[in-house]
Amino acid sequence: MSLLFPKWTNALPTVGAIAALLGASGVVGGFWYYATPKFYDAGYMPTQPGGGFSHQIHAGKLGMDCRYCHTKVEQSPEANIPNVATCIGCHADGRLTKLAVEPKHKERTDFIRQAYNANQSIEWRRIHKLPDYVRNFPHATHIRAGVSCYSCHGQIDAMPIVAQAQPLSMGWCLDCHRNPEASLVSPDKVTQLEWVKKHLDERGGQGDAETKALVEKLKLNPPENCGACHY
Ligand code: HEC
Ligand code: HEC
Ligand code: HEC
Ligand code: HEC
Ligand code: HEC
């Protein structure tokens, strides 16, 4: 036993007994929460490798489109994280020559070249994560329907380090599924976060003639039945 299991597992039957005794949903819920470490909440912002990747610089200041790096977001359920080769396209030795001689910039970006030269990937820490009992969340369907990254991830292009902006709770998903018009924009604008924010603010949580037409044209019908999101 002691060979196979670390010492702390001896306490497990006690934990189980206490949970069974109290039985209150709050306690179980709390235990569930702590027992599911991949399940994060709004505001979650882990420390990232190399001091982090700044969306504020790349998507904001330099104006790079989300799809330059998250290349599959329109076609697949998952939005991919770019590999280090994408970064090397600009951050290789000899590129960005004026910046590269600046000590601070060099120091801040050395971890990229180190990873690339060692043929390793950069271990970015995951931020948004649904619990496993929710089926794979389909990015492509939402993007094509005209739901902007902004509605679910907030003002990413102003974030030096990404933090979770929305709770990703069931109530939050359903709020939009019951009234999608309030959040829709023309599908070709979904990655223009500044424009979307301004446009949605001006509309004040209402749909307009354009979104009505969009719902009809694309025959949008966000699901509310349990099986659409759960196994
Ligand atoms: C130059 C490449 C690049 C561009 C452009 C870019 N991203 Fe990213 N994105 C990354 C990298 C690298 C990560 C992983 C590191 C991190 O989480 O900050 C990431 C992470 C994210 C995450 C968090 C993923 C998680 O773990 O939950 C979101 C959300 C995201 N990006 C959205 C966007 C949006 C929206 C845009 C366009 C406004 C955008 N990105 C533009 C490279 C990019
Ligand atoms: C299209 C070119 C381009 C690509 C692709 C690119 N970068 Fe950059 N990056 C830049 C430029 C230009 C700067 C300097 C911007 C400035 O200082 O205003 C920069 C700056 C940085 C910095 C320094 C930030 C700081 O605070 O000084 C880091 C770190 C960085 N990039 C990481 C990455 C990573 C990681 C990737 C890949 C996911 C990536 N970059 C992809 C062009 C690029
Ligand atoms: C309708 C809400 C919604 C929209 C719109 C949306 N996302 Fe996401 N995004 C999520 C959720 C929810 C997750 C977590 C998915 C999971 O855990 O399976 C996520 C995760 C991610 C991740 C981490 C990798 C992954 O796929 O799990 C990246 C990167 C990302 N989103 C980028 C984007 C970009 C870029 C856009 C816009 C082009 C976008 N997202 C639009 C809700 C959304
Ligand atoms: C801001 C609005 C918005 C939010 C938030 C949102 N959705 Fe959706 N969702 C939509 C719209 C619009 C559609 C309809 C797409 C269509 O009919 O083509 C949709 C469709 C879907 C579908 C059906 C996909 C298909 O292939 O038919 C699933 C599953 C889904 N959403 C899951 C989720 C989950 C899970 C969340 C929360 C983590 C979520 N959505 C949050 C707007 C949203
Ligand atoms: C649009 C997608 C969607 C639909 C439809 C949906 N759920 Fe969920 N459900 C979720 C998400 C996302 C979570 C994760 C909750 C969280 O993170 O707080 C969840 C969580 C849950 C949980 C875990 C307890 C909790 O609240 O955290 C239960 C139980 C559940 N759903 C039951 C149902 C039932 C029953 C239905 C049908 C009446 C249903 N769901 C329909 C998205 C959905």
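Start at ligand 5: α10 hands over the largest share of the shell around this ligand, 4 residues. The model you're looking at is a predicted one. Its protein chain has 13 helices and 0 strands, and several of those helices turn up again below as walls around ligands. Here's a quick tour, ligand by ligand, with stops at a helix, a core and two loop residues.

**Around ligand 5**
- There are 15 residues around ligand 5, and S169, M170, C173, C226 and C229 come nearest.
- Two helices, α10 (170-178) and α13 (226-229), each put at least two residues into the shell around ligand 5.
- Sorted by class, the shell around ligand 5 holds 11 nonpolar, 3 polar and 1 charged residues.

**Around ligand 2**
- Ligand 2 has 20 residues around it, with F53, C87, C90, R108 and T109 coming nearest.
- Three helices each supply at least two residues of the shell around ligand 2: α3 (55-61), α5 (84-91) and α7 (103-117).
- Among the contributors, α5 gives the largest share of the shell around ligand 2, with 5 residues.
- By class, the shell around ligand 2 splits into 11 nonpolar, 7 polar and 2 charged residues.

**A closer look at α5**
- Which residues of α5 are buried? They are V84, C87 and H91.
- Looking down the axis of α5, you'd find its buried residues within an arc of 60°, so they line one face of the helix.
- Flip to the other side of α5 and you meet A85 and G89, which are exposed.
- The cover over the buried residues of α5 includes α7.
- C87 plays into both stories: this residue is buried in α5, and C87 is also among the residues that come nearest to ligand 2.

**Around ligand 3**
- Ligand 3 is surrounded by 22 residues, and the closest are E78, A79, L130, C149 and C152.
- The helices α8 (139-145) and α9 are the elements that give two or more residues to this shell.
- With 4 residues, α9 provides the largest share of the shell around ligand 3.
- The residues in the shell around ligand 3 fall into 12 nonpolar, 8 polar and 2 charged.
- Where does ligand 3 sit with respect to domain 2 and domain 3? Domain 2 (49-117) and domain 3 (139-229) both give residues to its shell, so ligand 3 lies between them.

**The largest nonpolar core**
- This core has 15 residues, and C149 and V190 are the ones that touch the most other members.
- Two or more residues of this core come from each of α9 and α11 (193-203).
- The element that gives the most to this core is α9, with 3 residues.
- Domain 2 (49-117) and domain 3 (139-229) both contribute residues to this core, so it lies between them.
- Setting aside neighbours within four places in sequence, C149 is in contact with C66, I156, V190, T191 and L193.
- Keep an eye on C149: this residue is one of the closest to ligand 3, and C149 also shares with V190 the role of touching the most other members of the core.

**Two loop residues with positive phi**
- L168 is found in the loop between α9 (149-153) and α10.
- The phi of L168 is near 55°, which is a positive value in a residue other than glycine.
- Is L168 partly exposed or buried? L168 counts as partly exposed because it has 19 C-beta neighbours inside 10 Å.
- K219 lies in the loop between α12 (209-217) and α13.
- The phi of K219 is near 50°, again a positive value in a residue other than glycine.
- K219 has 6 C-beta neighbours inside 10 Å, so K219 counts as exposed.

**The chain as a whole**
- Read from the N terminus on, the elements of the protein chain run α-α-α-α-α-α-α-α-α-α-α-α-α.
- The protein chain has 231 residues, and buried ones make up 14% of them.
- Of the contacts in the protein chain with a separation of 6 or more, 76% are between residues 24 or more positions apart.

Technical notes: Residues numbered from 1 in each chain as written. Chains lettered and ligands numbered in written order. Predicted model: local features only at pLDDT ≥ 70, side-chain atom pairs only at ≥ 80, totals over all residues. Near = placed C-beta within 6 Å. Nonpolar A, V, L, I, M, F, W, Y, C, P; charged D, E, K, R; others polar. Buried ≥ 20, exposed ≤ 12 C-beta atoms within 10 Å, placed from the backbone. Contact = placed C-beta atoms within 7 Å. Arc of directions from axis to C-beta. Core = buried A, V, L, I, M, F, W, Y, C linked by C-beta atoms within 7 Å. Domains from an automatic or database assignment.
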